[in-house]
Each structure stands twice: as C-alpha cells, then as structure tokens.
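Work through the exercises below with the sequence and the model in view. Each task is followed by a solution in steps.

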Amino acid sequence: MNVDPNAATTSFPAPPPRPTPRAAVFLVPALAAAAVAVALGAYGRVHDPAGTAFNLAGFSSTGAVKSWLATAAFAFALVQIASALVMYGKVPGVRAPSWTGGLHRWSGRVAFLLSVPVAVHCLYALGYQTYSSRVLWHSLLGCFFFGTFTAKMLLLRTERLPDRLLPVIGGLVFTALTVLWLTSALWFFRTVGVTT
Amino acid sequence: MQRSGPLHTLLAGLVLALIMLSLNATTEPPAADAKGGAPPSPAAPSAPPSSAAPAPRSPAASPTATATAPRPDADYAGRTGDGAASVAIALRDDGKAVAYVCDGRAKEAWLRGDVGDDGGMRLTGDRGARLEGTLEGGRVTGEVRLTGLEQPFTARRAVKPSGLYRAAASVRGARVVGGWIVLPNGKQVGIVSRDGEPSAAPAIDPATGAVTVDGTRLTARPIP
C-alpha cells in the first residue's frame, strides 16, 4: 500500500496513539495464569486423592520417580537461569553465543515437560493438602508455578514488553520451582534416602 | 512462526498431562472409587475377592459385609517386605478392621474398613493410604501403600502384650496422636504426631500402656 508521506492530514479523528502494551496484553496472561492456578488447586482439593498411580519400571516407589523427575527439571531450570543471564548480558565477559536462545527455549521446554508428570501424580494421587507447612507451601506453589509458567508462555507471544517483565516472571517461575523441589524431592531424599 | 513456540509448549504439557491422567484412570486396579465421584457400588455379598471398595473417608458406608460370621477380636502384627515399616491390623468381631502402618520415624497411616466373609479386606486412610490384605491361616498378607511407601507385608497373630496401641490427647495445646505396634518379639515401633507433624515416639510400657509425651503422662490403649 502506497501512502504519500507528505499528504495533508485528514480531518478524520486521528487514531489514538497505539498504546504500546495494551491492557489485554497483560490481562489475558494474568487471567490465564489465575485460571490455571485456581483450577489445579480446586481439582487437587475437591478430587479424592487416589493414593496411588502407575509407577515407572525400575523405581521402588512413585516418590522416588517423582523426586528424580523433579531433580532433573530443577537441573534444567538452572540451565534456564544461566542462559537467561547470558542472554541479558549479565555475565561479565561472556557474549551470548547464537545458540543461547535455543538452549533457553529447549531447556525450558524439557524442564516443563519433566514437571508435568510429577504434578499429575501430585494432584491425582495426593491432592491439595495443608496438613503441615511443608505440604501447604508445596501445594500452594505447585499451583502458582503452573499459573506463572502459563503467563510467561503467553507473554512471550507479545512484542515490546516492558524490559523487566520477562526476567521478573521467569524469576518467579524459577523461585517457585526451587521451593517446590526443596519441599518435595530434597525432603524425600533426606527422609527416605537417595533411592531409585 | 517462532512466536507460536510457547503455545506449542503449553499444549504439549497439557496433552502430556491428559495422557497421564487417562493412563492413571485406566491402569488403576479395579478401584471403582478412583474417579472420586463414583458411588461405592454395593457389591454382591458373595463376590469372591472383596470388591466392596468403601469410598475413602467413609469406610463405614458399605452396607454389606457387616452381618458376617462372627470372628473374635484379634490383632495381627508384622513388617513390610523391606523391613522398613511395621503393620498392625486389629480385627473386631463385628467385621470391621483398623490398621496402623508406621516406620517409626516419619511415615504413618491409620486405616479403616470392612473385612469380607472370605477374610479379604481393603482398608483406606487419610491422604490416600490403602491396605489390601487377606486373612488366611492365622495371618494377614497383602500390600500397603501410602505416600512414599508401597510394600507387601505379612502380619501374624499377635497376642497381648504385642499388638496395636493408640493414644490421643491434647498436650500443651497440641493435638497429640500416638500409634505403637508391639511386635510378637517384643520390639515396638511408634510415631507420635503433634498437630499432624509425625516424629518418633517414646516407648510405651506394653503391660500398662503408660508413656510420657512431652512431659505429660498418657495411656496408650490396646486396639481393639
């Protein structure tokens, strides 16, 4: 489409200057995040915990499977932090290689997909529980983690976000996963032992 | 193109979750109560393997299996296959069973349910704890599952002072529930939970049930 840049402006009401981040850009991910978190928590609370779910061959218990899956997810989350720091130029003397973005995307995907079976087992077999502070925080943050992760994925689809938004959300996701790991896998390894 | 990546990631996670949920729902042992809302089907009274799975938290709901041949009160006690936890089952003459599983440190569960005519039992407890067993030839064999513990077990007839003991009291504002299993060889395993926080229990005197928890003297009662 050709537009003469020198043409006189029309008398049409000028379109309002496009508000760069429109409200919907934030509202949709925020609502989606809330919906995911609340839905997971409600399912975990309402559904009668089955107590068990299918186990993987080679592991002594579902607790061991989950602990190792969560540990693997946490390891990939560390890759996430490192690659994000490099991408944002926060590591002195390191220029982000061209594959940093790919590494960040794929390590994140793997970490997320590793965490899904763990969450399914938690919600299906154990449910949302509050009988101790460890369990309460784990339940709360489990829902928060998947909500925040959803928000981050949806925000990534938008251009021109405020500079600090993605790092903050990513940091929240990482912090949630860390506490989740501390309150579950580390607890399991310490109380039950490092077993497979 | 690249911008649809995050959506694909989310969708992949959702699909994976749905696959695992459906696998869970289908590979679940015949438990009809796996989906939560399913009402406990009143099983035919003569169905051989105890199929009257009582819904969790309402173990007394099943109308069947109550008017069975009376069996005297009896305790059974033993260990799990890996030796890490102890199991005690108290059978009452009215066909009800109470069981306690405990590793003496952090893992414990109280379970309740009915015993079928054939000696089969399927007990349930809080937080999804399950115990399935069969009474045969003076002992109960089966499998117990609770969070972080899935083990076969064998429990033999336990004659007092061995058996199952329980104490419940309020100590310094905390709800204290203790469970002890005294094995036929005299060893005992117990957990005291204070407001739901389990820890190793001090030993009881099996003759009197006396035990001191946090400076307060309690009496653990034998079950049944």
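**Exercise 1. Chain B as a whole**

How many helices and strands are there in chain B? Then describe how chain B is buried, connected and exposed.

Solution. Begin with the conventions. This is a predicted model, in which local features need pLDDT of at least 70 and side-chain atom pairs count only at pLDDT 80 or more, while totals for chains, interfaces and linings use all residues. Residues are numbered from 1 along each chain as its sequence is written, chains are lettered from A and ligands numbered from 1 in the order in which they are written, and side-chain values use heavy atoms, with hydrogens and water left out.

Step 1. Chain B has 1 helix and 15 strands. Helices (H or I, at least four residues) and strands (E, at least two) are DSSP runs, numbered from the N terminus.

Step 2. Of the 224 residues in chain B, 47% are buried. Buried means under 20% relative accessible area, exposed over 50%, and partly exposed in between (1.4 Å probe, protein chains only).

Step 3. Take the contacts (heavy atoms within 4.5 Å). Among those in chain B between residues at least 6 apart in sequence, 42% join residues at least 24 apart.

Step 4. The area that chain B exposes is about 10,700 Å², and carbon and sulfur atoms supply 57% of it. Accessible areas come from the Shrake-Rupley method with a 1.4 Å probe; for residues, only the protein chains shown count as cover.

**Exercise 2. A helix checked by its length**

Compare the span of helix H2 of chain A with the expected span.

Solution. Step 1. The expected span is 1.5 Å times one less than the number of residues. Step 2. Helix H2 of chain A covers residues 62–87, which is 26 residues, so it should span 38 Å. Step 3. Its end C-alpha atoms are 37 Å apart, which agrees. Step 4. After H2(A) comes Gly89(A), with a positive phi near 65°.

**Exercise 3. Where the chains meet**

Describe the interface between chain A and chain B.

Solution. Step 1. On the chain A side 32 residues are in contact with 34 residues of chain B.

Step 2. About 3,200 Å² is buried between the two chains, with 60% of this area from carbon and sulfur atoms. Buried area is the accessible area (1.4 Å probe) that two parts lose on being put together, summed over both.

Step 3. There are 0 salt bridges between chain A and chain B. A salt bridge is a side-chain nitrogen of Lys or Arg within 4 Å of a carboxyl oxygen of Asp or Glu.

Step 4. Between the chains, 1 residue pair is in polar contact, with both residues at pLDDT 80 or more. A polar contact is a pair of N or O atoms within 3.5 Å; within protein, one must be able to donate a hydrogen and the other to accept it, and residues adjacent in sequence count only if both atoms are side-chain atoms.

Step 5. On the side of chain A that touches chain B, helix H3 (100–126), helix H4 (133–155) and helix H5 (165–191) each supply at least two residues. The largest share, 9 residues, comes from H3(A).

**Exercise 4. A threonine in a helix**

Which residues does Thr148(A) touch, not counting residues up to four places away in sequence?

Solution. Step 1. Thr148(A) is in helix H4 of chain A and is buried, at 8% relative accessible area. Step 2. Its side chain reaches the backbone oxygen of Phe144(A) at 2.6 Å. Step 3. Beyond four places in sequence, Thr148(A) touches Ala33(A), Ile169(A), Leu172(A) and Val173(A).

**Exercise 5. A salt-bridge network**

Which residues are joined into one network by salt bridges that share partners?

Solution. Step 1. Arg122(B) forms a salt bridge with Glu132(B), their closest N and O atoms being 3.8 Å apart. Arg122(B) lies in strand E5 and Glu132(B) in strand E6 of chain B, so this pair ties together parts 10 residues apart in sequence.

Step 2. Glu132(B) also meets Arg145(B) in a salt bridge (3.3 Å, N to O). Arg145(B) lies in strand E7 (residues 139–146) of chain B, so this pair ties together parts 13 residues apart in sequence.

Step 3. The network therefore consists of Arg122(B), Glu132(B) and Arg145(B).

Step 4. Arg122(B) is buried at 15% and Arg145(B) is buried at 11%, whereas Glu132(B) is partly exposed at 28%.
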